[in-house]
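Reader: Before we look at anything in detail, I would like to learn how to read such a model feature by feature. Could you take me through it with care?

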2 protein chains.
Amino acid sequence: MKLPVSTEWLLHCATTLAQLDPGATASAAQLAQYFDLPAAYLAKQLQALVRSGVLTATTGPRGGFRLARPAAEITLLQMVEAVDGASSPYECREIRQQGRGALPPEDCRNTCILAEKMGEAHEAWRRSLAATSLADILAALPSSAPARTRRRMAGTT
Amino acid sequence: MKLPVSTEWLLHCATTLAQLDPGATASAAQLAQYFDLPAAYLAKQLQALVRSGVLTATTGPRGGFRLARPAAEITLLQMVEAVDGASSPYECREIRQQGRGALPPEDCRNTCILAEKMGEAHEAWRRSLAATSLADILAALPSSAPARTRRRMAGTT
């Protein structure tokens with residue numbers, strides 16, 4: 001059970017964008033340089049955050065990515081599910097209905113109790129991620145972080 | 001983020017073994033027939049539950065698998081981690097320490113706040129799975145289930 005490696009990239013990129021001056025943008029190339037990541041692949045991943053409404057992409061000479069919403073309204077869950085989708089890691093293929101022990105359809109109207117419990121665990125995971133916003137992440141950084149981030153980002157091209 | 005398909009197999013096989021008469025065993029071939037699963041691959045997966053102390057494997061003409069502990073002392077977490085390991089799905093490669101924005105080592109003595117929050121979500125998932133035992137699963141089945149399971153298992157070879 002693994003999330004894509006790009007999950008870390010996108011969480012850090014969004015955290016970085018959240019520290020820029022209001023309205024400022026950063027390009028995929030700048031973010032790639034900032035974290036030493038492959039630019040083309042990062043650009044593709046950032047589009048997943050655009051599609052999910054976390055980031056806005058603007059074009060033109062000063063174009064780039066910025067947060068689409070206030071940091072307090074963007075959760076870890078939204079970002080993680082933008083990369084990996086929202087489905088449960090547990091796959092129920094209804095093996096209770098096959099083989100020598102197959103249950104009849106009338107006994108399978110309800111979700112299998114095992115799938116139900118696995119689903120509850122997934123919901124606990126989702127609730128935990130939904131409880132943390134980008135604003136919470138920023139609040140946990142040293143107070144000097146945003147100024148440093150802006151300074152270092154200004155050095156990228 | 002996907003658990004192996006065999007996760008469903010093992011949860012159902014353990015649930016089935018938990019319904020047998022005390023001391024009774026079932027072979028991998030019987031369980032495979034019961035759920036119409038590939039016997040050789042199922043046998044290999046069942047060994048993961050033996051290694052993790054959930055099942056005991058006995059050899060000989062009446063040998064097979066049985067629970068190694070009372071059903072109340074076997075949790076969904078133990079079985080899922082027997083199949084898939086215990087590591088978090090989120091991989092932190094410390095990209096905060098690389099590229100133009102690299103933080104100095106002295107600022108990275110603590111776990112990255114993003115990795116910490118992802119770890120908290122994984123712990124919430126683990127706690128949820130640890131809160132459900134095989135005995136809880138059995139208690140949620142119809143009262144007729146154990147007798148039916150034993151009858152149908154007896155028909156397997």
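Author: Let us begin with the charged pairs, keeping in mind that this is a predicted model. Over all chains, the rule gives a count of 12 salt bridges.

Reader: How many salt bridges does the rule find across the interface of chain A and chain B?

Author: The rule finds 0 salt bridges across the interface of chain A and chain B. What the interface does hold is polar contact, with 30 residue pairs found by the rule, both partners being at pLDDT 80 or more. As for the elements involved, α1 (6-17), α2 (28-35), α4 (76-84), α5 (113-130), α6 (134-140) and α7 (145-154) of chain A each supply at least two residues of the side that touches chain B. The largest share of that side, 11 residues, comes from α5(A), and the residues of the side as a whole divide into 28 nonpolar, 14 polar and 13 charged.

Reader: How many residues does each chain give to the contact, and which residues of chain A lose the most area to chain B?

Author: Chain A gives 55 residues to the contact and chain B gives 55 residues. Between them the two chains bury about 5100 Å², with 65% of this on carbon and sulfur atoms. In chain A the residues that lose the most area to chain B are M1(A), I95(A) and R100(A), which together make up 17% of what that side buries.

Reader: Returning to individual salt bridges, which parts of chain B does the pair of D21(B) and R150(B) tie together?

Author: A salt bridge is read from its closest N and O atoms, which for D21(B) and R150(B) are 3.5 Å apart. Because D21(B) lies in the loop between α1 (6-17) and α2 (28-35) of chain B, while R150(B) lies in helix α7 (residues 145-154) of that chain, the pair ties together parts that are 129 residues apart in sequence. D21(B) is partly exposed at a relative accessible area of 45%, and R150(B) is partly exposed at 33%.

Reader: Is R96(A), the partner of E94(A) in a salt bridge, buried or exposed?

Author: R96(A) counts as buried, at 10% relative accessibility, whereas E94(A) counts as partly exposed at 26%; the closest N and O atoms of this pair are 2.9 Å apart. In chain B, E91(B) forms a salt bridge with R93(B), with the closest N and O atoms 3.1 Å apart. Here E91(B) is partly exposed at 31% relative accessibility, and R93(B) is partly exposed with a relative accessible area of 47%. Salt bridges can also share partners, and in this way E81(A), E123(A) and R126(A) are joined into one network.

Reader: What surrounds H122(B), leaving aside its neighbours within four places in sequence?

Author: H122(B), which lies in helix α5 (residues 113-130) of chain B, is in contact with M1(A) and W125(A) from chain A, and with A86(B), S87(B), S88(B) and P89(B) from chain B. H122(B) counts as buried, at 4% relative accessibility. A polar atom of the H122(B) side chain lies 3.4 Å from the backbone oxygen of A86(B).

Reader: Finally, how should I read a nonpolar core, and which residues have the most contacts inside the largest one?

Author: In soluble globular proteins, nonpolar side chains tend to be buried together. The largest nonpolar core here has 90 residues, and those with the most contacts inside it are L42(A), L46(A), M79(A), L42(B), L46(B) and M79(B). Not counting residues up to four places away in sequence, M79(B) touches L11(B), A14(B), L49(B), V54(B), I74(B) and L134(B).

Note on methods: Residues are numbered from 1 along each chain as its sequence is written. Chains are lettered from A and ligands numbered from 1 in the order in which they are written. This is a predicted model: local features need pLDDT of at least 70, side-chain atom pairs count only at pLDDT 80 or more; totals for chains, interfaces and linings use all residues. Side-chain values use heavy atoms; hydrogens and water are left out. Contact means heavy atoms within 4.5 Å. Buried area is the accessible area (1.4 Å probe) that two parts lose on being put together, summed over both. A salt bridge is a side-chain nitrogen of Lys or Arg within 4 Å of a carboxyl oxygen of Asp or Glu. A polar contact is a pair of N or O atoms within 3.5 Å; within protein, one must be able to donate a hydrogen and the other to accept it, and residues adjacent in sequence count only if both atoms are side-chain atoms. Helices (H or I, at least four residues) and strands (E, at least two) are DSSP runs, numbered from the N terminus. Ala, Val, Leu, Ile, Met, Phe, Trp, Tyr, Cys and Pro count as nonpolar, Asp, Glu, Lys and Arg as charged, and the others, Gly among them, as polar. A nonpolar core is a set of buried Ala, Val, Leu, Ile, Met, Phe, Trp, Tyr and Cys residues joined through side-chain atoms within 4.5 Å. Buried means under 20% relative accessible area, exposed over 50%, partly exposed in between (1.4 Å probe, protein chains only).
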